[in-house]
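The following note is offered for a colleague's consideration. The points move from a pocket to two individual residues and then to the chain as a whole.

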Amino acid sequence: MQALRSSARAPGAARAGREAQRLPLGLVMLPVRPAGLVARRAAAGASTSRSSLRVQAVAAVAENAVAAPKAAEGQARPIFPFTAVIGQEEMKLALILNVIDPKIGGVMIMGDRGTGKTTTIRALADLLPQVPVVAKDPFNSDPYDPELMSEEVRQRLKAGEQLPVGSMKIPMVDLPLGATEDRVCGTIDIEKALTEGVKAFEPGLLAKANRGILYVDEVNLLDDHLVDVLLDSAASGWNTVEREGISISHPARFILVGSGNPEEGELRPQLLDRFGMHAQIGTVRDPELRVQIVSERSTFDENPAEFHKRYADKQNALTQRIVDARAKLKSISIPYDFRVKISAICSELNVDGIRGDIVSNRAAKALACFEGRDEVAVEDIYRVIPLCLRHRLRKDPMADIDNGDRVRQVFKQIFAME
């Protein structure tokens, strides 16, 4: 019987040997297994892999929760204090106003390399206030504003469920230049949808940035397909993921903050127009001021925790001013005459569309709240209107962006200022 089995296998073994001789060097013929067996083993492996991934994800969240206080104390990736940044007042003002009123639409910061763009933007994270959210909601849904709720939370609210309310710091999410579209938009588990009939969605960066800040460093180098994704989300305030006939949407209202060096290329006009404000910064020329900047940076690098303690009171005071300004924003008013003159400036400068008018009004109101006033003053408009309009004046793509002098000149004419 053993001999018969050996002889039965012999022809197959001989054929395998002859086929292996015909194959190119380095290739080996593998035995073929039934498709059903392969599918069952693959499904079992995938199930095990997914369950292990869930465990790892939960462990990672727990570790992050434990590590968060340490990071805040400067023990992990210390952040330079916002109030310790010397100069660059235009950039700092634009960032603060966007935190006060996210509907301003974000800020684009262009300037020379090594001028503190990224440092200042990341420093803003320490100043971000707490906001109410629906507990355990992956989209940071607002428990009180239906426009900022995910579909699932809306359905729960319609069903009469009492939503659990928590709080979180306004999130700041980095968008890497090399990110894939699935990582940005999120992915749908097709297998789970087909087998269990459940829309299993893994949120992406746009979901994490909802009601927060989405920061893109070197935004002028961002791939075109990611630019299209940002344009669509910024225009609608929603992110929609379509995969194999399955559609999932979630709110994606974020403050878009970008930085870049004009020497490395310009932004697409469509994306540039989506930024509510445009700040230009240059290299500090004053020698004494440069020495002061170097000294502060050196002190921070030597002992970040002690450096943070030095600026703790200033940081807390600025955070409180931002919180008070956000609470006061809905009660602030801007005189009708000022609104007409703002629109007259936009018309005189031949600004396309109405976005320049809207952003200028919002920014002026946010600045008045930040300064503690109950009504917008002429000085508020004068300070913010160059930031809101300078990047909307360029008709020739090859021309440079105005530095603000042209806007200020027209402002003085319309407001009859000397």
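1. Elements around the second largest pocket. In this predicted model, the lining of the second largest pocket draws at least two residues from each of α3 (89–100), β2 (130–134), α9 (224–236), β10 (255–260), α13 (312–328) and α15 (355–370). Helix α15 supplies the largest share of that lining, with 5 residues.

2. Volume and centre. The second largest pocket has a volume of about 1,400 Å³. Its lining comprises 38 residues, of which D101, P102, K103, I104 and R253 are the closest to the centre of the pocket.

3. Chemical classes of the lining. How many residues of each class line the second largest pocket? The lining has 19 nonpolar, 14 charged and 5 polar residues.

4. Residue N361. Helix α15, already noted for its share of the pocket lining, is also the place of N361. The relative accessible area of N361 is 15%; because this value is under 20%, N361 is classed as buried. Leaving aside residues up to four places away in sequence, N361 touches I334, R339 and I342.

5. Residue T115: location and burial. T115 is found in a loop, between β1 (107–111) and α4 (117–123). Is T115 buried or exposed? With a relative accessible area of 10%, T115 falls under the 20% cut-off and is therefore buried.

6. Residue T115: surroundings. The side chain of T115 reaches the backbone oxygen of D112 at 2.6 Å. This distance lies within the 3.5 Å limit used for a polar contact. When residues up to four places away in sequence are not counted, T115 touches Q88, I281, G282 and T283.

7. The chain as a whole. The protein chain contains 17 helices and 11 strands. Of its 418 residues, 39% are buried, and both T115 and N361 belong to the buried class. Among contacts with a separation of 6 or more, 74% join residues 24 or more positions apart.

8. Exposed surface. The protein chain exposes about 23,100 Å². Carbon and sulfur atoms supply 54% of this exposed area.

Terms used. Residues numbered from 1 in each chain as written. Predicted model: local features only at pLDDT ≥ 70, side-chain atom pairs only at ≥ 80, totals over all residues. Heavy atoms only, no water. Helix = DSSP H or I, 4+ residues; strand = E, 2+ residues; numbered from the N terminus. Buried < 20%, exposed > 50% of the residue type's maximum accessible area, 1.4 Å probe, protein only. Polar contact = N/O pair within 3.5 Å; in protein donor to acceptor, adjacent residues only side chain to side chain. Contact = heavy atoms within 4.5 Å. 1 Å grid on protein atoms, 1.4 Å probe; cavity = no way out; pocket = protein on both sides within 12 Å on 5 of 7 lines; lining within 4 Å. Points joined across faces, edges and corners; volume = space filled by probe spheres on them. Nonpolar A, V, L, I, M, F, W, Y, C, P; charged D, E, K, R; others polar. Areas by Shrake-Rupley, 256 points an atom, 1.4 Å probe, with all protein chains shown as cover.
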